[in-house]
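Reader: I'm new to this one and would rather get to know one corner properly than skim the whole thing. Please pick a single part and walk me through it slowly.

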Amino acid sequence: MISTCATAAAKLILFGEHAVVYDQPAIAIPLLDVRASAAISIDLSSATPVIEAKDLRMTLPITEARQPSLQHIVNAIELFEARAMPLPATGWRLTVWSKIPFSRGLGSSAAISIAILRALSASQKIHFSSEQFIELSFELEKFHHGTPSGLDNTVIAVERPIIFRKGQPPQNIEPKSFTFVVGDTGVGKKTSDVVSFVAANYHSNPGHAGKIFSEIGAIALAGRECLEQGKLKKLGELMTKNQDLLSELEVSSPELDTLIGAAKNAGALGAKLCGAGKGGCMVALTEDTKSAETVSRALLQAGALKTFITRLK
Ligand code: PMV
């Protein structure tokens, strides 16, 4: 076992959440400065490998780590052993920590999975292609979310802006320069619950929800063009249209609506929730860094727990 450390970025869905589960295209970008980390180190203190979840302040031998808060980490180790190679039975520790807020639509679970897979493969000198990272992290996403589209783990595995359709390889997007502000409502949500809520609405009225999904898919395609051609104003309008459709799907929330309204009042060119919704984060498009700072202050005043400014390019 070689001591090593690996990281993986958070992600932001610019267009297409929920509709992507129903085969529509979606656009996501990595948040390169906000990352999850995993380190392998030598540890001779226990007869079995040791798991340390720093943010939870928990350190346990792997044999005692089968509990809900650590299951995610154990699953990643077991999948690695099943698909790549068995790991030494003792003498090492896996430490995991993350700057990505949990359950807020920023891809925390996929980033933790990928950071662990990267650390384990580096510690064993195994090279995985990005397709293999996508496939393995998708397996882990299924443990946590039931029926994920694959968008989160794919954008995190490739760490590039992508347009994505379920079951297909991602296509790279070559965006011009844009500045976004992310605001965290501070309200946690479980992705699988919100996805199930949308599924129930879809099954009770497939025509209505299906039409919304198609409109969101068309917005994602138009969004790609705006990103690649640097059409700032149009991009903002599309984000706001996407938000209106997500509100129609009833996945927005009063906290998200407050932050989206505050961003627009402070000069954002468009804003929407990002991720599953019903809490979590929103994203606003701004003209430049100065305007992003103004929007960020407005979001904090309106009750955001935290904000990030991120630039594409
Ligand atoms: O909230 P997150 O980061 O888990 O994003 C979920 C995105 C959905 O489209 C709602 C679900 C999916 O699997 O794509």
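Author: What follows is a close look at one sheet, starting from its edge strand and the hairpin there.

First, some housekeeping: this is a predicted model, where local features need pLDDT of at least 70, side-chain atom pairs count only at pLDDT 80 or more, and totals for chains, interfaces and linings use all residues. Residues are numbered from 1 along each chain as its sequence is written, and side-chain values use heavy atoms, with hydrogens and water left out.

Now for the sheet. Four strands make it up, in the order 9-10-8-11, and the sheet is open, with antiparallel pairing. (Strands here are DSSP runs of E with at least two residues, helices are H or I runs of at least four, and both are numbered from the N terminus; two strands pair if DSSP finds at least two bridges between them.) Strand 9 (270-274) and strand 11 (306-312) sit at the edges; each has a single partner strand, so one side of each goes without a neighbour in the sheet. Set direction aside, and neighbouring strands are turned by 25° against each other on average. Angles like these run from 0 to 180 degrees between N-to-C directions, using lines fitted to C-alpha atoms, for helices over the stretch in contact.

Let's zoom in on strand 9. Its partner is strand 10 (residues 281-286), and the two pair in the antiparallel sense over five bridges. You can pick out some of the matches: Gly270 has Leu285 of strand 10 as its bridge partner, while Cys274 stands opposite Cys281. An edge position might make you wonder: is strand 9 mostly covered or mostly open? Mostly covered: five of its five residues are buried. (Buried means under 20% relative accessible area, exposed means over 50%, and partly exposed lies in between, using a 1.4 Å probe and protein chains only.)

Two helices come up against this part of the sheet. Helix 7 (residues 232-248) lies across strand 8 (178-184), strand 9 and strand 10, at about 45° to strand 9. Helix 8 (residues 254-265) packs on the sheet too, touching strand 8, strand 9 and strand 10, and its direction makes about 10° with that of strand 10. Contact, by the way, means heavy atoms within 4.5 Å.

Then there's the turn. Strand 9 and strand 10 form a hairpin with six residues between them, and Gly275 in the turn has a positive phi of about 100°. Most residues other than glycine have a negative phi. Lys278, though, has a positive phi of about 60° without being a glycine. You'll find Lys278 in the loop between strand 9 and strand 10, and at 32% relative accessibility it counts as partly exposed.

For comparison, look at another hairpin elsewhere in the chain. Strand 3 (residues 50-53) and strand 4 (residues 58-61) pair in the antiparallel sense over four bridges. Four residues lie between those strands, and Arg57 in that hairpin has a positive phi near 50°. Asp23 is one more non-glycine residue with a positive phi, near 75° in this case. Asp23 belongs to the loop between strand 1 (4-15) and strand 2 (26-42), and its 45% relative accessibility makes it partly exposed.
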